[in-house]
Amino acid sequence: MPMTNREKLHELAGTVFDIQDLIEYQTGAIVSQTLVDDEAVTVTVFAFDDGERLSEHTAPHDAILQVVDGTARITIEDDEYEVQDEESIVLPANKPHAVGAISEFKMLLTMIR
């Protein structure tokens, strides 16, 4: 039986790890791995191949997007931001936003409910 997200997270407890090592790039794809999904918060790691994009959408909760490798283009309403390795941006609830890869990039997304 596959491990649950919570079991995967608990497997990391008491270890030092690099977020980048939790997920691998895949050619022509966006890959994700949810670490926590409960009523208070969702934490997900993503890997975007160069040129991949999540089209414009909205979410009902604020989220913190942290780039851990590479460079992303983030659009929030009509504003564009280039967010690089070790930088973060807040995606406000109910505001249209999109996420695209300027280069391969990995991010940690924390959605606060």
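The count of salt bridges here comes to three. Before I go through them, please keep in mind that this is a predicted model.

Let me take the bridges one by one. One of them joins Asp37 and Arg113, and their closest N and O atoms are 3.4 Å apart. Asp37 sits in strand β1, while Arg113 belongs to the segment after β7, so this pair ties together parts of the chain that are 76 residues apart in sequence. As for Arg113, a relative accessibility of 42% puts it in the partly exposed class.

Another bridge runs between Glu80 and Arg73, with 3.3 Å between the closest N and O atoms. What about exposure in this pair? Glu80 has a relative accessibility of 55%, so it counts as exposed. Arg73 has a relative accessible area of 36% and is therefore partly exposed.

Then there is Glu77 with Lys95, where the closest N and O atoms are 3.9 Å apart. Where in the chain do Glu77 and Lys95 lie? Glu77 is in the loop between β4, residues 62-76, and β5, whereas Lys95 is in the loop between β6 and β7. The two are 18 residues apart, and the pair links distant parts of the chain. Glu77 counts as partly exposed, at 38% relative accessibility, and Lys95 counts as partly exposed too, at 35%.

Now to the surface patches. Glu82, Asp85, Glu86 and Glu87 form a negative patch on the surface. To place one of its members, look at Asp85, in the loop that runs between β5, residues 79-84, and β6, residues 88-91. Is Asp85 buried, exposed or partly exposed? Its relative accessible area is 36%, so Asp85 is partly exposed. Residues need over 30% relative accessible area to be part of a patch, and with 36% Asp85 meets that condition.

There is also a nonpolar patch on the surface, formed by Ile64, Val90 and Ile112. Together these residues have about 230 Å² of accessible area. Ile112 is located in strand β7, which covers residues 97-112. At a relative accessible area of 41%, Ile112 is partly exposed.

From the surface I will turn to two buried residues, Val36 and Thr110.

Val36 is part of strand β1, residues 30-37. Its relative accessible area is 9%, and since buried means under 20%, Val36 is classed as buried. Which residues does Val36 touch, not counting those up to four places away in sequence? The answer is Arg6, Leu9, Val41, Thr42 and Val43. For a sense of distance, Val36 and Leu12 are 24 residues apart in sequence, and their C-alpha atoms are 12 Å apart in space.

Thr110 lies in strand β7. With 17% relative accessibility, Thr110 is also under the 20% limit, and so it counts as buried. Setting aside neighbours within four places in sequence, Thr110 is in contact with Val41, Thr42 and Val43, and also with Asp62, Ala63, Ile64 and Gln66. Val41, Thr42 and Val43 are among the residues that Val36 touches, and they are among the contacts of Thr110. Ile64, another contact of Thr110, is one of the residues in the nonpolar patch.

To recap: there are three salt bridges, a negative patch that includes Asp85, and a nonpolar patch that includes Ile112. Val36 and Thr110 are the buried residues I picked out.

Technical notes: Residues are numbered from 1 along each chain as its sequence is written. This is a predicted model: local features need pLDDT of at least 70, side-chain atom pairs count only at pLDDT 80 or more; totals for chains, interfaces and linings use all residues. Side-chain values use heavy atoms; hydrogens and water are left out. Patches are made of residues with over 30% relative accessible area and no salt bridge: like charges are joined within 9 Å, nonpolar side chains (Val, Leu, Ile, Met, Phe, Trp, Tyr) within 5 Å. Accessible areas come from the Shrake-Rupley method with a 1.4 Å probe; for residues, only the protein chains shown count as cover. A salt bridge is a side-chain nitrogen of Lys or Arg within 4 Å of a carboxyl oxygen of Asp or Glu. Lys and Arg count as positive and Asp and Glu as negative; His and the chain ends are not counted. The place of a charge is taken as NZ of Lys, CZ of Arg, CG of Asp or CD of Glu. Helices (H or I, at least four residues) and strands (E, at least two) are DSSP runs, numbered from the N terminus. Buried means under 20% relative accessible area, exposed over 50%, partly exposed in between (1.4 Å probe, protein chains only). Contact means heavy atoms within 4.5 Å.
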